[in-house]
Each structure stands twice: as structure tokens, then as C-alpha cells.
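Please find below some notes on how two chains meet and on one pocket. They are meant to be read beside the structure.

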Amino acid sequence: MSPQLIFWPVLFQLLLAVALLFLWRKVQVQRAVSIAGSTVAVVLSAALFTLTLRDGIGTVQAGNWPAPFGIALVSDTLSSLLVLLTSLAGLAVSVFSSASVTGARLKFGYFPVFHILLMGLNGAFLTGDLFNLYVWFEVIIICSFVLITLGTERKQLEGAVKYFTLNMLASIIFLTAIAVIYGLTGSLNLADISIQIAAIENRFLVEIAAVLFFVGFGIKSAVFPLYFWLPASYHTPPDAVSAIFGGLLTKVGVYAYLRIFTLIFAGDAFIRELLVTAAILTIVSGALGALIQNNLRKVFSYLIVCHIGFMIVGIGLGTETAYAGTVSYLIHDIVVKTNLFLVAGLIFRVKGSVSLRDIGGLYKRYPWLSLLIAVPLFSLVGIPPLSGFWPKISLFGAATETRSFWVLGALIFGSVLTLIIVAKVWAAAVWKEPSGKNPPVKMVLFDQISKERRILYVLPIVLLSLVSLYIGFGAEHIQEIAGRVAADLINPDAYIEAVLYPAGKSSP
Amino acid sequence: MLTAVLSGFVAALVLPRVMHVLPRLQNLLWIAVPLGLCAWFATKIPAVARGEVLRESVAWVPSLGVNLDFVIDGLSLLFALMITGIGSLVFIYTSAYMKGHRELDKFYAYLSMFMASMLGLVLADGLMLMFVFWELTSISSFFLIGFKNSEEASRKSALTALAVTGVGGMGLLAAAVIAKSAMGTDSLEALSASGEILREGPLSGLLIALVFLAAFTKSAQFPFHFWLPGAMKAPTPVSTYLHSATMVKAGIFLLLRFSPGLNGAPLWNDALMIVGGFTMAYAAVTALFKTDMKSILAYTTISALGVLTFLIGIGTSAALTAALVFILVHATYKATLFLVTGIVDHETGTRDVTALRGLRKVMMPVAAAAVIAALSSAGLPLSFGFIGKDLIYESTLEFWGNGALNLGLVLTAVALITNVFLLHAGFVVGIRPFSGKMPDRFSDLHLPSPLMWVPPLILAVLCLLFGLVPALLESGIVHPSLAALGFEAEPALKLWHGFNTVLLLSGVTLALGTAVYFAVRPSEKLEAALDRWAHISPETVFRKGSHLFRLFSRKWTLFFQNGYLRYYVLMILIVLTGLIGSRMSGAIDLNVNILTLLNLSAYEIAIAILLIIGITVTVFTGSRLTAVLGMGVVGYSICLFFVFYSAPDLAMTQFTIDTLTVILFVLVLYRLPRYLKLSDMRSRARDWVIASVFGFMLTLIALAAVEEGTNRETSEYYADNAYLLAKGKNIVNVILVDFRGTDTMVEIVVLGVAAVGVFSLLKLRLKKPDVK
């Protein structure tokens with residue numbers, strides 16, 4: 001694999017964004033360019049992923065400064081996989097945005113900022129440098145802030161203020177952690193830190209750094225009791241934005257957990273227990289929160305929290321089975337959560353509301369659409385053999401292996417409540433007769449928009465549903481990948497070797 | 001076998017799509033599916049009767065150990081024949097019952113999906129694979145119960161059923177995982193072959209408990225039974241097929257599969273006898289008070305499931321023979337009664353047994369089927385039910401023979417009570433609506449299409465046939481099933497055992513039951529009497545419990561997510577402080593040399609004082625402008641430290657940034673009003689304490705970090721190479737634009753995005769209808 005390919009998923013999104021900036025007011029062209037560009041991005045990331053699978057870990061040094069002195073970008077199975085999923089979700093949301101986001105928003109830089117957000121996500125997944133990771137987080141935060149506020153509705157601003165404040169707090173804590181680590185090791189390169197940290201005598205500071213990372217990333221990945229920003233903000237922006245948020249933002253936090261706590265703090269028992277405890281409470285809180293909501297978007301927001309717990313619990317248990325569970329859940333969850341918010345957007349366009357009380361009768365009016373939204377909904381529940389089922393085997397297995405019965409209980413609790421909540425949503429949206437309440441005046445409903453636009457609404461949901469179905473029915477393939485990632489995480493030597501001693505530079 | 005299982009799913013997917021091409025063949029095509037499968041399974045009878053076990057295995061997800069391993073032995077064949085046989089009759093019946101329904105295809109598709117899942121469930125060898133199909137039966141049941149989806153009651157019942165069986169399903173998954181990871185295999189064959197692992201292996205207690213949870217929820221055992229009467233909201237073919245004949249027996253099937261391995265473990269037998277025994281008596285007595293035909297049948301179904309659990313709990317060869325036979329007995333007569341109820345409902349529009357009389361005059365064949373089924377349910381000699389009942393009494397009486405007199409007495413008494421009330425219920429549904437004088441309003445009724453009354457009649461004939469010639473089932477079905485449960489074939493099933501205690505008990509049952517039938521007329525009064533106890537019924541407990549649970553959820557959620565940003569920040573800081581504190585208390589090893597720290601020069605002290613003043617002003621001032629200036633002072637003080645500690649490059653950069661920041665802030669904040677004071681003294685004091693503790697801890701960490709010698713490899717590399725390789729004299733600049741140029745580039749992007757954001761915040765106003 002040519003190492004330069006690793007830059008491209010990042011760089012291409014930037015170029016795309018710049019091109020879109022030059023098309024500032026030409027909304028129609030922006031739509032076309034964004035969709036075409038997102039398709040190219042999928043091809044690029046697919047190439048990166050397949051080549052990484054084939055040739056092993058690839059690295060590239062920015063400016064050709066040798067590691068650990070410069071900034072390394074690393075494409076291992078986990079990173080390239082997440083980049084691929086980001087691009088897929090990005091494509092779906094780009095198509096959905098072209099139909100659903102209003103022209104006014106598009107004239108104020110929606111698409112450029114959206115693509116820079118994707119760049120930030122890809123950068124965060126690919127970087128092998130701790131401070132660079134912080135910088136990508138900055139990109140993600142500022143882009144999400146702009147996307148949340150774009151439109152300047154009152155509730156958008158309220159959500160944005162909470163989102164921004166808490167995420168900045170997370171960044172500051174993260175930065176403090178970086179400072180401590182840099183003070184101890186004099187290095188920012190993850191692989192280098194991984195080697196050096198073992199030799200540090202002052203374990204106290206190492207442990208403190210671990211706690212700082214736990215809280216900093218915990219806020220980002222919406223772990224109990226640090227998740228406040230998520231339910232406060234996710235329901236406020238346009239659904240296309242919520243979709244990319246719901247699918248990917250919290251997952252960056254999960255990814256950071258996976259990297260940091262396997263590469264740097266692998267042996268820290270306190271952190272493991274902390275992760276497990278937090279994860280159990282996250283599952284419970286998310287499920288309880290979702291149960292009482294009436295706004296579809298809020299239901300989905302709390303379900304994000306709940307299922308973040310599923311992934312964190314795997315990191316906490318820390319066995320190979322557990323990592324495999326976390327990774328396969330991650331794959332499933334990115335696709336399905338993105339899709340769910342798109343579904344919420346579609347339902348809003350059809351019924352003019354996302355309140356479970358007012359929507360209904362979807363089946364009578366649109367039987368095919370009902371069948372379509374059944375895919376993400378029941379994949380989320382994990383009705384076998386749909387995608388949400390398979391990771392549970394690994395997670396349940398890891399809980400049994402380690403005799404963590406609280407974890408087993410929490411997983412069961414979360415699964416059952418998810419089932420009940422989804423069934424409730426189904427009964428309310430698809431079965432129930434529509435309420436007599438009229439949609440807001442002047443809102444253009446689904447059956448009044450042009451056929452082309454309707455297709456753009458449905459197509460991304462079809463795309464992501466197909467991916468979900470593949471994750472479910474092609475489970476063997478997904479499990480192989482997840483197993484490979486888990487093995488890499490348990491034994492990060494290959495990662496370290498690839499970064500510090502790339503071909504040509506012999507290892508000591 | 002895989003093809004057999006998949007054909008139902010394929011039919012469910014494909015047939016609705018091709019229907020408009022062949023509208024006339026619609027029903028035929030659907031009916032062909034179960035009929036064909038039934039025939040296919042019937043061809044396996046001879047092989048299985050010879051004692052063969054047929055296997056098929058296809059890899060699916062080997063990484064997780066989930067493969068399509070299917071097994072046909074006696075037990076799975078018995079269930080498979082029941083599923084496809086009754087399925088065929090139900091499919092035929094449906095074609096007339098749901099005639100003209102605009103969603104007939106969807107209905108058939110769900111039924112077909114259910115049938116396929118149920119087949120998969122009974123043929124699966126691995127517990128994990130069984131779980132896959134188990135969940136699919138639950139979800140098909142959800143869709144079928146909620147089929148009349150415009151009715152709120154239907155939707156509620158569907159949800160309740162799904163919730164209860166969903167809990168059990170997760171229990172089964174956990175059991176499968178435990179079997180796999182703690183005991184090394186989830187193959188039912190392997191597990192039951194070595195009962196020792198199951199009985200004494202790691203986590204076996206938990207495994208058994210989870211199996212119970214799964215079986216009791218699915219097979220509606222007390223106290224989880226209440227979803228089943230609710231499930232009767234589904235159209236009658238569904239009630240017949242899923243909620244009486246097949247799906248609810250999945251739990252029984254699971255217990256039967258585990259019985260060879262666990263039989264004899266005390267927890268196993270006692271728990272099953274107690275739960276089954278209580279359920280069967282409780283449900284049979286409850287049925288006495290009901291007036292809706294479907295309700296009565298629902299409770300008698302629960303009771304029958306209790307009988308089966310009870311028999312598996314007894315666990316002797318006789319008891320398991322009884323269980324196997326009773327599964328068939330129940331399936332035949334109960335399905336008949338359900339189908340009959342459907343006809344009555346369909347024709348008269350009511351299922352109220354207090355109103356229905358004399359229907360034999362207008363629907364004789366239906367009445368015949370009903371009466372035969374009722375007699376079989378009563379266990380009258382010559383009916384299939386008689387054999388079933390005999391075997392049940394035989395197995396309870398065995399204890400008597402074995403010296404456990406008291407236990408035998410209790411068990412026999414419970415069985416007797418259950419049978420008496422089951423007989424009563426059977427008569428009320430099967431005989432009462434057809435006997436007596438017909439009210440005039442029913443006189444223009446007529447017999448429905450034969451497609452509706454032939455299926456129950458076929459089943460009724462089977463009730464008689466198997467009763468008269470039990471040998472029909474013996475070698476082909478019952479004995480191989482018994483072999484699958486680990487028992488040698490018992491003496492032949494007999495119609496006549498001679499005069500013995502069992503016969504006496506049968507006689508007593510008949511006499512008592514008939515007496516109750518004539519003494520107690522179903523009436524609304526009776527039903528009202530039962531309702532007086534409704535407040536302690538498990539259903540009420542469940543409803544109240546779920547209500548309380550929702551209240552708790554609300555409290556919990558709103559406690560953490562109360563809407564105030566300041567509270568969120570507070571919470572995060574408390575968590576962080578607490579975590580750092582708990583780690584500090586563990587091993588406080590702060591190697592801080594106070595003396596070297598106190599060795600300060602005058603200008604250091606001066607700057608520190610300046611810094612503290614700056615912070616204090618920022619925190620306590622009421623004016624935003626002053627606060628910004630205070631922050632500026634803090635920034636400058638830090639820059640001065642950089643100057644003194646030989647980092648002039650850094651200081652220059654930092655001075656510029658601080659100056660810019662202050663100017664920008666002043667521009668932006670100039671027009672904003674003064675701060676409002678919203679918090680009271682107490683919350684301020686609290687915040688003050690938390691802030692101080694947090695600050696103190698961070699200071700300690702900083703001190704500890706300073707004391708720790710730093711690895712300077714990276715900074716030395718930068719210093720050495722800034723000029724040589726990067727051709728720059730200012731190291732900070734070289735770091736910013738070359739060594740770590742990527743960071744800088746990305747930060748520039750951040751600024752650009754921020755500019756876009758500011759622009760849209762200032763300029764973009766959505767017109768109201770344009771929102772979203």
C-alpha cells in the first residue's frame with residue numbers, strides 16, 4: 001500500500017470543503033458536488049480499508065519527520081474500518097441533506113462544514129499522535145457547534161451552548177492529561193508513549209493521567225454520569241445533522257478509549273473497574289431515559305447513551321472476546337444509529353411531527369416505508385440474525401468468562417428495554433391510527449414534495465439498511481474483522497513496530 | 001432440513017410479491033407450504049422409528065460458534081409434525097376465516113415466518129441457534145397479536161407479550177452463552193449426554209435458573225402467564241396455532257431437551273413440580289370464572305402447560321411418556337376448540353358463553369367436532385384424552401407405590417382438581433354453546449364454508465382415532481421421543497388398563513367435573529367475583545410494577561438531566577475530583593521538595609501576586625469588561641513567566657495571542673449587560689469548596705509533574721534540527737509550521753469554520769415555515 005493513501009480520506013474531505021466554499025451561494029451545485037465527493041470518499045476509504053486488511057498496518061509521517069518527532073498517521077484495521085464507516089455514513093447523510101436541509105442553511109456553509117466534520121472524524125481515527133488527536137477533536141467540536149447553531153433557532157442555541165461548554169470542558173481535561181503524559185515521557189507519539197510509560201517510576205502521575213483521560217473521553221463518548229450534553233443537544237439540529245452526530249460523534253470517544261486504554265494504560269485495574277461500573281450505569285441510565293421520552297429524537301438520543309454502555313463495558317472487561325464484542329457493536333451501531341436519525345427525519349417529513357403521540361398510521365399510508373424502517377429498528381434491538389444480535393454473543397460471553405454478573409444483568413436489562421422501547425415506537429408510528437392533530441401550517445409534507453426529492457429522502461435509508469443487513473447476514477465476515485481488531489488491541493506490538501520502526505528502519 | 005426451515009421464510013418473502021400475478025392460486029400456494037413440509041416430515045417417521053437420528057450441518061458464523069446444526073430425533077419430529085400438521089389445518093382455515101381481508105397476504109406471511117421459526121427452534125441442536133429462532137417466534141407473535149393494529153388493546157397486548165417473552169429470550173441467550181463459555185458447548189445433545197456438567201459444572205445453578213426463566217415466560221407459567229390471555233386479542237387462527245398448539249410449547253420443549261441432563265438434580269424437579277403444579281391448578285380454577293370462550297381456552301391452555309411442566313418435574317419414565325402424549329392430546333382437542341370458537345365468533349359475532357346456546361341446530365358438523373374435543377379434554381374413555389389422563393394419574397400414583405405416600409397424595413390431588421376444572425372448561429366451550437335451546441336471533445345463521453369447519457372436524461376425528469388406536473403413534477412418535485429423552489420404550493400405550501386406581505380416579509374426575517358443570521353456570525356474576533381479586537393478580541402486579549418503574553425512570557432521568565448547564569459542569573467536576581481524590585488516597589507519594597519550591601526570587605513573587613489579583617478580579621467582578629481585563633492580566637503574567645524561564649519565542653507568540661483575545665473580547669462583550677446574580681449563598685459556598693478542592697488537586701498534580709524529570713529527547717531533537725534540517729531560527733515557529741505543521745494547518749481550519757459559524761449566527765434567520 002502506498003503510505004500516501006492514508007492522507008487521502010482526510011485531505012480529500014478538506015479539498016471538497018474548500019471547493020464547496022467557493023460555491024457558497026450555488027446551492028444546487030453544492031448538493032451535487034457533496035454527493036459526488038462523498039461517493040469518491042467512500043471509494044478512497046474502501047481502498048484504504050482493503051489494502052490495510054491485505055498488507056497490514058500502514059503508517060505515514062507528516063512532513064517526513066521520523067517518528068516519534070513528527071506527527072504519524074496510522075492506518076490499522078480499526079482505524080481504516082472506522083474511516084470506511086464514517087465515509088459510508090457521510091455519503092448517506094450527504095444525500096439525505098441534499099433533500100432535507102433547507103436552502104437557507106445550505107447558503108450559509110452547511111456542506112463545507114459538514115465535510116470538514118468528516119475530515120475531523122477521519123483525522124481522529126487515523127492519527128497516531130496524542131496532541132494531534134486533540135486538534136482533531138477541536139475540529140469536530142467547532143464543526144458540530146456550527147452545525148448545531150446553523151439556523152439560529154432558539155432551542156438550537158440552547159442546545160449548542162450546553163454542547164459547546166461541556167465539550168470544551170472535556171477538551172481541557174484531555175489537554176491536562178496530555179500535559180501530564182508529555183511531562184512524564186516527553187513524547188506525544190502514541191506508540192512511543194506506549195513503550196515509555198512502562199518505565200515511568202511515578203505511577204501516581206500515570207494513574208492520574210488515566211483518570212483524566214477517562215473523564216475527558218468519557219464526556220465525549222457520553223458515559224454516565226458525564227453524558228448531559230447529548231440528550232440536551234441532539235434533538236435540536238436538523239435530522240441530517242443529528243444523524244451524523246448520533247452515528248459518529250460519541251464513537252470517537254469510544255475509539256479514543258479503545259486506543260488509549262489498550263496502548264497506554266493496558267494494565268490499569270482501577271480504570272477497568274471504573275469503565276465497567278460507568279458502563280453498567282450508562283446502560284441503565286440510557287435505557288431508563290429512552291423509556292420515558294415521547295419525542296422520537298430524544299428516544300433515539302437516550303438509546304445512543306444506552307448502547308455506548310454496551311461498547312464501554314467491553315473495553316472495561318478487556319478480554320479478547322470483550323474487545324471483539326465492542327468492535328462488532330461499534331460497526332453495527334455507527335450504521336444503525338445514523339440510519340435511525342434519518343428515519344426520524346423521514347417520519348418528520350411524512351407526519352410533520354416526531355412526537356410519539358402524534359405520529360401513526362405509517363403502515364396504512366406507506367407500507368413499503370414501514371418495511372424499510374423496520375430494518376434499522378429491529379437491527380437495533382438485535383432480533384437475530386440482524387446486526388445488533390451478534391455482538392451480544394461476544395459481550396455476554398466476555399461477561400461470563402470474567403464472571404461479571406452485574407455486567408450480564410445490565411446487558412440483559414439494556415437489551416430487553418431496547419426491545420420494549422423499539423416495539424413501543426413501532427406501535428406508535430406504524431400501527432396506531434394517526435392522531436387528528438394537523439401538521440404545522442405551511443409545512444411541505446412528504447407527499448407534496450417532488451418525486452426526485454422523495455427518492456433522495458429514502459435512498460440513504462435504503463443504503464444504510466442494506467449495510468445493516470449485510471452486517472447481520474454476513475456476520476462471519478464482520479466477526480473476522482472484529483476478531484482481528486481485538487487481537488491487535490490485546491497485543492499492540494505490531495502497531496508500535498509499524499509506527500516506530502517502519503520498513504527500512506530496523507527495530508532494536 | 002435447512003431447506004425445510006428456510007422454505008417458510010422464503011415463502012413469507014416471496015409469495016406476497018407474486019400474488020398479484022396469480023390471484024386465484026393465492027390460498028393454495030400458501031397452504032401448500034405447511035402441507036408439503038408436513039408430508040416431508042412424515043417421510044422421516046420410519047427412519048426415526050428405527051432409532052436413527054438425522055443430522056444436517058451448515059457453517060454460518062463459525063467465529064461465534066453459531067452454525068446451522070439441525071437434528072431430527074423423536075422429539076423434534078413430534079414437534080415438527082405438530083407444527084406443520086396443525087399449521088396446514090390453520091392455513092386452510094385462515095383462507096376462509098380471513099377471506100377478503102385486505103392484508104391477508106401479510107397475515108399469511110407472518111404465519112409462515114412463525115412456522116419456519118418454530119421449525120427451526122425444534123430442529124436446532126445448538127442453544128444459540130435455538131435462541132435465534134426463539135426470538136423470531138416472539139417477534140412473529142408480536143406482529144400477529146398486534147395484527148388488528150388500529151385497536152389499542154391489541155397493541156398493548158402485543159407489547160406485554162413481547163416484553164415478557166423478551167425477558168425470557170434474553171435469559172435463553174445468557175444460558176446459551178454460559179453453556180458455551182463455561183461448559184464448553186451449547187449443543188443440546190452434548191449437554192444432555194453428560195448431565196454431570198449441567199448438574200455440577202461451573203455456573204450450573206445460574207444456567208438452570210436462566211433456562212427456567214426462558215421456559216416459564218414462553219410457556220406462560222405462573223407468575224408470567226398473564227401475557228397469554230392478552231394474546232387472545234389476535235385473530236383466532238393465531239390463537240389456535242401460536243398461543244395454544246405450538247409456540248407456547250417452546251418452553252416445554254426446552255425443558256424436555258434439558259430433562260435428560262438435569263433430571264434428578266433437586267432444584268430441577270422440585271421447582272418444576274411446584275411451578276407446574278401451582279400453574280395448572282390455578283389456571284384451571286380461574287377458567288371457571290370466565291365467560292369469554294377464548295379467555296376460558298387461554299386459561300385452560302395455561303393449565304395444560306402447567307400439567308406438562310409438572311410432569312417434566314416428576315421426571316419418571318411414566319411421567320415423561322404422559323407429557324409426550326399429553327402434548328399431542330392437548331394440541332388436538334385444544335386446537336379443535338379454538339377453531340370452533342373462531343367459527344362461532346365469526347358467525348354469531350360473540351364469544352360470550354352465557355349468550356350462546358343451541359347452535360347445533362345451525363352448524364351440526366361444528367357441534368360434532370366441538371363435542372368430541374370436549375370429551376377428549378374431559379378424558380372420556382375411547383377418546384385420546386383418556387389415554388393422556390390415565391398416564392398423568394399413573395405418574396403421580398407412582399410415588400405412592402414408591403413409599404412417598406404423602407407426596408403422591410398431594411400430587412394426585414392437584415392433578416385431580418386440575419382435571420376436574422379442565423373438564424368443566426372443556427364442556428363449557430365445547431358442549432354448552434351447542435346444547436339447549438337456541439335463541440331466536442341465531443336462527444338465520446348457517447354453516448360457514450367447509451374450509452372452516454373441516455379442519456376442526458379432522459382434528460376431532462384424530463382425537464377419536466388416536467384414542468381408539470393408540471398404537472398409531474406408539475412406535476413412530478412416542479417411543480422415539482422417549483428415547484430422545486433418555487428412556488427405554490415403555491410398555492405400549494393402552495386403551496384399557498383393567499380396573500385399577502387409575503380408572504377409579506378417571507371415574508371420579510368425570511363425575512365431579514360433570515357435577516361442577518351442572519352446578520356452576522358461567523355468568524357475569526362469577527366473572528365479577530373473580531375481578532374482586534384482580535388487585536393481587538400477577539397481571540396487576542406487573543402493570544403496577546411497570547408504572548412504578550416508569551415513575552422511577554422519570555425521577556432518575558430528570559435527576560441527572562435537569563436542564564441546567566451549571567449543574568452539569570458541577571457534576572463533571574465532582575466526578576473528576578472524586579476520582580482523582582480516590583486515587584490520591586490510595587498511594588500518596590508526592591515527592592515534592594517544598595524547600596526548592598520556596599526558593600523564589602522577588603520578581604517571581606511579584607508576578608504571582610499579579611496573577612492572583614487578576615484571577616480574583618475576574619471571579620468577583622460584576623462587569624464583563626473588567627473580567628476580560630482580569631483575564632488579560634493573568635495571560636500576561638504567564639507570558640512573563642515564559643520570558644523568565646528562557647522561552648522568549650513562546651512568550652512572543654503568547655503575548656500576541658493574549659492581546660488579540662482581550663481586544664476581540666472587549667469588542668464583542670462591550671454591549672452586554674452586567675452579570676446577574678442568580679445563585680444564593682449556599683450554592684456559592686458549595687461551588688467555592690468544590691472549586692478549591694479541584695484547584696488544589698490540580699496544583700498537586702502539577703507540582704508532582706514538575707518534580708518528575710522529563711525525557712527531553714523530543715525537544716532536543718527539535719532544538720538540534722530546527723536550523724539544520726528545517727532552516728528556521730525560531731524554534732517555536734519551526735515547530736508550528738514544520739515539525740508539527742499538520743496541527744497548525746488543522747487549527748487554521750478550525751478558525752475558518754468558526755468564522756463560517758459566526759457569520760451564520762449573525763446573518764442567518766430562518767423564516768418560520770421554513771424551520772427544519
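**Notes on the interface and a pocket**

1. Between chain B and chain A there are 11 residue pairs in polar contact, with both residues at pLDDT 80 or more. A polar contact is a pair of N or O atoms within 3.5 Å; within protein, one must be able to donate a hydrogen and the other to accept it, and residues adjacent in sequence count only if both atoms are side-chain atoms.

2. This is a predicted model, in which local features need pLDDT of at least 70 and side-chain atom pairs count only at pLDDT 80 or more, while totals for chains, interfaces and linings use all residues. Residues are numbered from 1 along each chain as its sequence is written, chains are lettered from A and ligands numbered from 1 in the order in which they are written, and side-chain values use heavy atoms, with hydrogens and water left out.

3. The rule finds 3 salt bridges across the interface of chain B and chain A (a side-chain nitrogen of Lys or Arg within 4 Å of a carboxyl oxygen of Asp or Glu). A salt bridge joins the side chains of Asp129(A) and Arg740(B), at 2.5 Å from N to O.

4. On the side of chain B that touches chain A, helix 33 (residues 741-763) of chain B gives the most, with 15 residues. Helices are DSSP runs of H or I with at least four residues, numbered from the N terminus.

5. Contact (heavy atoms within 4.5 Å) involves 128 residues from chain A and 102 residues from chain B.

Notes: Helices (H or I, at least four residues) and strands (E, at least two) are DSSP runs, numbered from the N terminus.
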